[in-house]
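Subject: The structure we talked about

Hi,

Here is the structure I promised to pass on. Have a look at it first, and then read on for what I found.

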Amino acid sequence: MKRILALAATLAVLAAIVITAPAGATNAAPKATAAAVTVKLKDSYFSPSRLTISRGTAVRFVWAGKLSHNMTGGGLPKSLARTKVHGTFTTGFSKGTKTIICTIHPGMVLKLRVR
Ligand SMILES: [Cu+2]
């Protein structure tokens, strides 16, 4: 019984590690330390479409529409150029003005200013 409990505890720890591992672990952007700001990918626009954040603030992107969207630009990892319908991605950004677009939908643009 003890072995089963120990195994269950080990699995729980492993599951927690897998779940909390950042999707953008290879992203070179600085680690975000402040609370996350949410940007939704809707059909077919970013909400909000303009955003100013302080360096160190995380941006949590949420695919919230029914259509497929992708993101490119702003130093985001190339993996986000793949289109998808569901999911989230949280990252920090370096200082500067970024233009993030969805390549599928013309005009689906996020202007992000990091001060
Ligand atoms: Cu799109």
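To start with a question: in what order do the three strands of the open sheet lie? The order is β3-β7-β6, and the pairing is mixed. β3 (50–53) and β6 (96–101) stand at the edges with a single partner strand each, so one side of each has no neighbour in the sheet. On average, neighbouring strands here are turned by 20° against each other, ignoring direction. β6 and β7 (residues 109–114) run antiparallel and are joined by six bridges. If you want one pair to click on, try T99, whose bridge partner in β7 is K111.

Before you go further, please keep in mind that this is a predicted model. The average pLDDT of the protein is 81, and 70% of the residues score at least 70. Over residues 4–28, the pLDDT is below 50, and that stretch has eight contacts in the model beyond near neighbours in sequence.

Now for the core. Which residues touch the most other members of the largest nonpolar core? They are F61 and M71, in a core of 17 residues. β1, β4 and β7 each supply at least two residues of this core.

F61 sits in strand β4 (residues 57–63). Is F61 buried or exposed? It counts as buried, because it has 22 C-beta neighbours inside 10 Å and the cut-off for buried is 20 or more. Setting aside residues up to four places away in sequence, F61 touches V39, L41, M71, T88 and F89. F61 also lies 5.9 Å from T38, C-alpha to C-alpha, although the two are 23 residues apart in sequence.

M71, for its part, is in contact with F61, L76, L80, I100 and C102, again leaving aside neighbours within four places in sequence.

One of the contacts of F61 is also its bridge partner: F89, in β5. β4 and β5 run antiparallel, with four bridges joining them. Strand β5 (residues 88–91) has two faces that are easy to tell apart: F89 and T91 form the covered one, while T88 and T90 form the uncovered one. In a regular strand, side chains alternate between the two faces of the sheet.

K40, in strand β1, makes a useful contrast to look at. It is partly exposed, because 15 other C-beta atoms lie within 10 Å, a count between the cut-offs for exposed (12 or fewer) and buried (20 or more). Apart from neighbours within four places in sequence, K40 is in contact with S47, V62 and A64. Between K40 and T88 there are 9.1 Å, C-alpha to C-alpha, and the two are 48 residues apart in sequence.

Finally, two peptide bonds to check on your screen. Where is the cis bond that ends at S44? It runs from D43 to S44, with omega near -5°, and S44 lies in the loop between β1 (34–42) and β2 (45–47). Another cis peptide bond runs from S47 to P48, with omega near 0°. P48 belongs to the loop between β2 and β3.

Happy to go through any of this with you at the screen.

Best wishes

Notes. Residues are numbered from 1 along each chain as its sequence is written. This is a predicted model: local features need pLDDT of at least 70, side-chain atom pairs count only at pLDDT 80 or more; totals for chains, interfaces and linings use all residues. Two strands pair if DSSP finds at least two bridges between them. Axes are lines fitted to C-alpha atoms, for helices over the stretch in contact, and angles run from 0 to 180 degrees between N-to-C directions. pLDDT is the predictor's confidence in each residue, from 0 to 100. Two residues are in contact if their C-beta atoms, placed from the backbone, lie within 7 Å. A nonpolar core is a set of buried Ala, Val, Leu, Ile, Met, Phe, Trp, Tyr and Cys residues joined through C-beta atoms within 7 Å.
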